[in-house]
Amino acid sequence: MGKRSANDLHLARQQMVDRQLKARGIKDERVLDVMGRAPRHLFVEEALADRAYGDHPLPIGEQQTISQPYIVALMTEALELGGRERVLEIGTGSGYQTAILAELAQRVYSLERIRPLMLKARELLAELGYRNVVLNMDDGTCGWADQSPFDAIIVTAGGPDIPPPLIEQLDLGGRLVIPVGKSRLSQDLIKVVKSKTGRTTRTNLGGCRFVDLVGRHGWSENNGYR
Ligand code: SAH
């Protein structure tokens with residue numbers, strides 16, 4: 001198949017929004033709007049571009065994946081972004097989620113542990129004109145202390161527990177969303193809210209499956225099952 005027309009892409013995105021997001025309960029109009037516009041097909045390999053708006057994750061190289069559209073929407077909605085937030089993202093991957101966040105918040109700080117993925121995402125996001133994103137290569141389980149506190153934190157890889165530095169670096173009134181599972185094969189999507197007085201409460205948003213969160217407060221690198 002040749003290049004898809006702007007009209008085809010628009011249609012593919014609208015169908016994704018209607019059938020995958022709205023139909024499953026995503027309500028935040030800002031999230032629906034930005035996911036109906038963001039060029040997800042540019043964040044996957046060219047050979048997979050035809051499947052970019054399908055209801056599934058896709059490989060992005062280095063044994064990592066771009067999350068399924070519904071999961072991106074669910075996590076983004078849970079962050080309750082109004083436009084003025086400073087957001088920390090752990091697991092830049094393709095940079096697609098980063099772009100969505102950049103449209104909905106004031107500034108996005110994103111950490112990725114695999115250098116080629118970080119460099120590729122940085123280049124693409126710059127090409128697309130995103131000026132409010134800062135990408136770095138580091139172990140995100142330790143957070144980004146220099147830039148903390150954050151109004152919202154999103155982790156797009158699954159670990160055995162919530163890394164304590166991320167709770168510490170969350171501002172009063174802030175939201176954290178992270179997949180947590182004692183097994184590497186499945187997780188629960190956990191939302192943590194830190195109240196104005198510093199008390200944290202946790203809600204389970206449902207089951208999910210992510211690639212491993214690898215790092216000091218995540219899984220160990222050499223303990224894989226691949
Ligand atoms: N949001 C991304 C998801 C990519 S998959 C997207 O939609 O494209 C998760 C990413 O988390 C992988 O690229 C993986 O390398 C990265 N990752 C895993 N552990 C990490 C850690 N401790 N710090 C930073 N990135 C990490």
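Y109 and W144 are both buried in this predicted model. Their ring centres lie 5.6 Å apart, and the ring planes meet at 80°. The pair is therefore edge-to-face, since planes over 60 degrees apart count as such. Y109 belongs to strand 4, whereas W144 sits in the loop between strand 5 and strand 6, so the pair ties together parts that are 35 residues apart in sequence. Ring pairs extend the group to F150, giving a cluster of Y109, W144 and F150. Strand 6, residues 150–155, is one of the strands crossed by helix 3.

The count of aromatic pairs comes to 3. One of them joins F43 and Y96, with ring centres 5.7 Å apart and planes at 65°, so this pair is edge-to-face. F43 lies in the loop between helix 2 (29–35) and strand 1 (58–61), and Y96 in helix 4, so the contact ties together parts that are 53 residues apart in sequence. F43 is buried, and Y96 is too.

Helix 4 is largely enclosed by the rest of the structure, because 8 of its 9 residues are buried. These are Y96, Q97, T98, A99, I100, L101, A102 and L104. Strand 4 (residues 107–112) is also mostly covered, with 5 of its 6 residues buried. The chain reaches strand 4 from strand 3 by way of helix 4 (residues 96–104), and this β-α-β crossover is right-handed. Strand 3 (residues 86–90) pairs with strand 4 in the parallel sense over 5 bridges. Within this pairing, L88 stands opposite Y109 of strand 4.

On to strand 5, the pattern is as follows. Strand 4, helix 5 (residues 115–127) and strand 5 form a right-handed β-α-β unit. Strand 4 and strand 5 are parallel and share 5 bridges. Here L111 stands opposite N136 of strand 5.

These strands belong to an open sheet of 7 strands, in the order 5-4-3-6-7-8-9 and with mixed pairing. Strand 5 (133–137) and strand 9 (200–208) are the edge strands, each pairing on one side only. Neighbouring strands are turned by 20° against each other on average, direction ignored.

Antiparallel pairing appears in the part of the sheet that holds strands 7, 8 and 9. Strand 7 (residues 170–183) and strand 8 (residues 186–194) are joined by 7 bridges. R175 has V193 of strand 8 as its bridge partner. Strand 8 and strand 9 run antiparallel and are joined by 8 bridges. G206 of strand 9 is the bridge partner of L189. The hairpin of strand 8 and strand 9 has 5 residues between the strands, and G198 in this hairpin takes a positive phi near 95°. Helix 3 (residues 69–78) lies across strand 6, strand 7, strand 8 and strand 9. The helix runs at about 145° to strand 7.

T156 is placed in the loop between strand 6 and helix 6 (164–168). With a relative accessibility of 13%, T156 counts as buried, because the cut-off is under 20%. Its side chain reaches the backbone oxygen of G91 at 2.8 Å. Neighbours within four places in sequence aside, T156 is in contact with E89, I90, G91, Q97 and F210. Of these partners, Q97 is among the buried residues of helix 4.

Several backbone features fall in loops. The peptide bond from S148 to P149 is cis, with omega near 5°. P149 is located in the loop between strand 5 and strand 6. W144 lies in that loop as well.

Q63 is not a glycine, yet has a positive phi of about 60°. This residue is found in the loop between strand 1 and strand 2 (64–66). Q63 counts as exposed, at 56% relative accessibility. E80, likewise a residue other than glycine, has a positive phi near 50°. E80 occupies the loop between helix 3 and strand 3. Its relative accessible area of 45% makes E80 partly exposed.

Terms used: Residues numbered from 1 in each chain as written. Predicted model: local features only at pLDDT ≥ 70, side-chain atom pairs only at ≥ 80, totals over all residues. Heavy atoms only, no water. Pairing = 2+ DSSP bridges. Helix = DSSP H or I, 4+ residues; strand = E, 2+ residues; numbered from the N terminus. Axes fitted to C-alpha atoms, helices over the stretch in contact; angles between N-to-C directions. Contact = heavy atoms within 4.5 Å. Buried < 20%, exposed > 50% of the residue type's maximum accessible area, 1.4 Å probe, protein only. Polar contact = N/O pair within 3.5 Å; in protein donor to acceptor, adjacent residues only side chain to side chain. Right-handed = clockwise from strand over helix to strand, strands pointing away. Phe/Tyr/Trp six-rings, centres within 6.5 Å; stacked < 30°, edge-to-face > 60°.
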